[in-house]
Amino acid sequence: MTTTLKHTRYIISQNGITFGAFSLFFGFVLIAVLGNAIAPYDPLASNSAIALQPPTALHWFGTDQLGRDVLSRVIVATRLDLGIAVLAVAMSFVIGSILGTCAGYFGGWTDRIVSRCIDTLMAFPLFVLAMGLVAALGNSIENIIYATAIINLPLYTRVIRSEVLVRREAGFVEAARLTGNGDWRIMARHLFPNVLPVMMVHLSLNMGWAILNAAGLSFIGLGVQPPTAEWGIMVAEGATYIVSGEWWLALFPGAVLMLAVFCFNLLGDGLRDLIDPRMRT
Amino acid sequence: MARYSTGKIVGRRILGAIPSVIGVVIVTFLLTRSLPGDPAAFFAGPAATAEAIEEIRQNLGLDKSLPEQFLIYIGELFRGDLGVSLTTGQTVLYDLLTRLPASLELTLAALVFAIALALPLGILAATRPNSWIDHGVRLLATAGVSLPTFFTGLFLIYVLYYLWGIVPAPLGRLDILNSPPPQITGFYLIDSLLIGDLGLFWAAAAQLFLPAVTLGLFALAPLARVTRASMLGMLSSDFIRTARASGLPPRQVLFGYAFRNAMLPVVTTLGVVFSFLLGANILVEKVFAWPGIGSYAVEALVASDYAPIQGFILTMALLYVVLNLLIDLLYVVIDPRAGVES
Amino acid sequence: MLAVENLSVEFRTRSGVVKALEAVGFTIQPGETVGIVGESGSGKSVMAFTLLGVLDRAGQVTAGRALFQTDSVAVDLLKEPESSLRQLRGKELSMIFQNPRTALNPIRRVGRQIADVLRCHTDLPEADLRSKALDMLASVRIPDPDKRFDAYPYELSGGLCQRIMIALALACSPHLLIADEPTTGLDVTTQATVMNLIKDLAEQRQMATILITHDLALAAEYCDRIVVMHAGHVVESAPTRSLFTHPRHPYTAKLIAATPEPHKSFAELIPIGGNLPDLKAADLPPCRFSYRCDYFEPSVCNQTPLSREFLSPQHQVACWKPL
Ligand SMILES: Nc1ncnc2c1ncn2[C@@H]1O[C@H](COP(=O)(O)OP(=O)(O)OP(=O)(O)O)[C@@H](O)[C@H]1O
Ligand SMILES: [Mg+2]
């Protein structure tokens, strides 16, 4: 344990970037939790008198075409965007873990069926599949979450399956079996905890990707509907005004979206270093 | 262990893609049937009468059992019948075929841009570990995958079009002053050259530039990252040491020996990159009003016109299967070991 | 022909500086075969890489000279610029690498790899490269060279890969050959074939050979002189005969006692206790064998610098209390 701690300290001291990403991450979490409470204005209150104002001291991020405060909307959207991503990733993590562990542990038919299903999902360009799923399931926020979860499923299932395969025949599984542990117990108590560290890296990298996907879906008009504040929609609404020079409508939500994704990706890279310096690329 | 003739290997790979195609068709079929509410009502469109819906229900065979419906669906696919678009009034197949070249041209241009930049960057970074260029490439690799394509596109439009005015308005494949070249390949860049109209070529290239760069930036990051990592691995491998110890010239060691081997993981990554590209394509087409199949699908989505969306998803999936097959074959060409069943 | 003096090499790694070689020295004459023996990790390969200038990026030569002299050249291998070293490598001095499977380019036909070397060191026309490469394959007694020319390394057995490696190293008739464990992983008959092959070629061409191995018996059979390495030090170097009859360094003595021979029973073999010291440690003792030595005496053995005494013109030992 102490060596892990020492290694963590080493990584953080060596790598200011990872430390920065951690701080940024907590910043985002804080904003998502506080939400409305720290927004300077009501994100939905429109006021045509101040429509399309560039950033001022009163409205740091300017106002949109309906005179709503862009900063407030960006702040309030944090909870929704991160929430969608967290739920989607959590769902695919849980289901993918179960499928992957079973496939890797039992092998045979279980493995073949699971792998075939996963391969079929992978035969689609993933964003296109998500789009089709939302179109088929219906245009709602829940369905965005389901679709994002489904397109992430292959990643988790595959990674966990191969990690479990490697460890299945390793000594400690045999030992656990000999001391009278059942299959499920071995999977839950012995196999799964061992693959968890590797999964943390994927979780973090995947969060960024899930955020991008959800925002992309709402950008093309799926899922979240106006006037709800959401980064993708705000960029879509601002897109119209870019060519006439009103940049702040799209820039601020877009930049914050980018920052959030970047933060998770940096965090993933940092975790990768932490868990296994050799995996570093 | 035996090596097979190239023809045999290619045949095997093509056969290997068939399960994917079947899977894709089944999933698309299931998506069709799980549309919320009544599929017939959706196919008929919002303004249809009850009789029209009933007629469509029978035409579609929606009163039959699921397996029967599936057979009917397969039959329709073989006849190329993907339904009719309500918004354009044309068959979906016609719409997709006329719009596909635009999407392909954009995607390929983006891919070329990404590869042309990513490979040299990756190699440079790998040959100078811990230099500023190495750190730059690593940062780029992380930043690049964090870019929301639609946002990068808008940002580039604002700077290059609105502020500097060095690119034409982001409104499709050609500005209004030019009329499209006659359809030969459907790629404006190639067609305009084929008819020898250089002015048209430049006009088309100018329109293509920004969307292709936007899309390419997204694909650049994973490619540069993998190139760097696999080049690093190769450069410290035993056979590179042998090559250097035999006095081979640095160029040959770097490109003939290390790079060719390092290409293998890069080619594998192309699969993921295409998945990214085809997805991001939709967003970029919307941002740049690019008349490809992505914006076609988005328009249909807005109008709740479902036949085009299904046609689009099927097309994209089949395209992706074909691309993966090509990647597989490219791999076989580079790596002699790939054709071996042991 | 080659005189290595006071050679020191360090690796700068994330977890510290590895002092892989320290004050290593030996010489070799034309036509002579010198064996370098020592257990795994003693720095034999690192020394070979250093002489060829193909160390990993982390490796650095901190001191020393390696004077290389033939009829046509006389240079210090450690000072030469990369571009002129390149002219020497593969042509004047070349190397057979430890693991032939990974040491060959996996996706290039083996014949072409040999042709590549010929192309950059000779001015044979392109058409003759193939026939010359085929000659080389035949000379290392590869059956059916015409067919093997077009094979990829993964299609060949370990023994064949080893011979390809030898053909590659000898393609341009070098004056000095460094053979890094050329027989590990081969069965006994193939081992003998490969060794005799190298020996014959060396005799034909008056080639000097540095034979790196941890197999003392093999070295005894083929080498004129033997250099014993331990943890990056040369602990003893002597003509083969006197080394075996009168080992002067405790490590050499133990090494000989641990070597199987026909007349020894298994029980007579005495394993060497302890491990190599950690070469990253900041406080390495002057004599790196002291932790494992039965004769260790702090007051004597911890003097710096370590004594490197010539007991006779041919016999050098790095020990304060030679046997
Ligand atoms: N790239 C490197 N980075 C750090 N240390 C290294 C590196 N290469 C070699 N070393 C160290 O140098 C020492 C000598 O290694 P070397 O490969 O020369 O041993 P060897 O005598 O050839 O052993 P073997 O018989 O197993 O081939 C080892 O302790 C090793 O850890
Ligand atoms: Mg070695």
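**Ligand and metal sites of chain C, and the helical chains A and B**

Seventeen residues surround ligand 1, and S40(C), G41(C), S45(C), D56(C) and Q98(C) come nearest among these 17, a residue being near a molecule or strand if one of its heavy atoms lies within 4 Å of it. The structure is a predicted model, in which local features need pLDDT of at least 70 and side-chain atom pairs count only at pLDDT 80 or more, while totals for chains, interfaces and linings use all residues. Residues are numbered from 1 along each chain as its sequence is written, chains are lettered from A and ligands numbered from 1 in the order in which they are written, and side-chain values use heavy atoms, with hydrogens and water left out.

Polar contacts are pairs of N or O atoms within 3.5 Å; within protein, one atom must be able to donate a hydrogen and the other to accept it, and residues adjacent in sequence count only if both atoms are side-chain atoms. For ligand 1, an oxygen atom lies 3.1 Å from a backbone N or O atom of G43(C), an oxygen atom is 3.0 Å from a side-chain N or O atom of K44(C), and an oxygen atom is 2.6 Å from a side-chain N or O atom of S45(C). Of the 630 Å² of accessible area that ligand 1 has on its own, the protein covers 71%, with areas taken from the Shrake-Rupley method with a 1.4 Å probe and, for residues, only the protein chains shown counted as cover. Two or more residues of the shell are given by each of β1 (2–13), β2 (16–28) and α1 of chain C, and α1(C) gives the most, with three residues; helices (H or I, at least four residues) and strands (E, at least two) are DSSP runs, numbered from the N terminus.

The magnesium ion (ligand 2) has as its protein donors S45(C), through OG, and Q98(C), through OE1, at 1.8 to 2.5 Å. Donors are N, O and S atoms within 2.8 Å of the metal (3.2 Å for Na, K and Ca), and sites may look incomplete because water is not among the atoms. The two residues link distant parts of the chain, 53 residues apart, with S45(C) in helix α1 (residues 44–52) and Q98(C) in the loop between β6 (93–96) and α3 (100–103) of chain C. S45(C) is buried at a relative accessible area of 18%, whereas Q98(C) is partly exposed at 37%; buried means under 20%, exposed over 50% and partly exposed in between (1.4 Å probe, protein chains only).

R89(C) is placed in the loop between α2 (82–88) and β6 of chain C and is buried, at 2% relative accessibility. The side chain of R89(C) reaches the backbone oxygen of L52(C) at 2.6 Å. When residues up to four places away in sequence are not counted, R89(C) touches residues of chain B, among them R244(B) and G247(B), as well as residues of chain C that include E82(C) and H121(C), contact meaning heavy atoms within 4.5 Å.

Chain A has ten helices and zero strands, and its C-alpha trace spans about 75 × 50 × 30 Å along the principal axes. Of its 281 residues, 51% are buried. Chain B has 13 helices and zero strands, its C-alpha atoms fill a box of roughly 80 × 60 × 40 Å along the principal axes, and 53% of its 342 residues count as buried.
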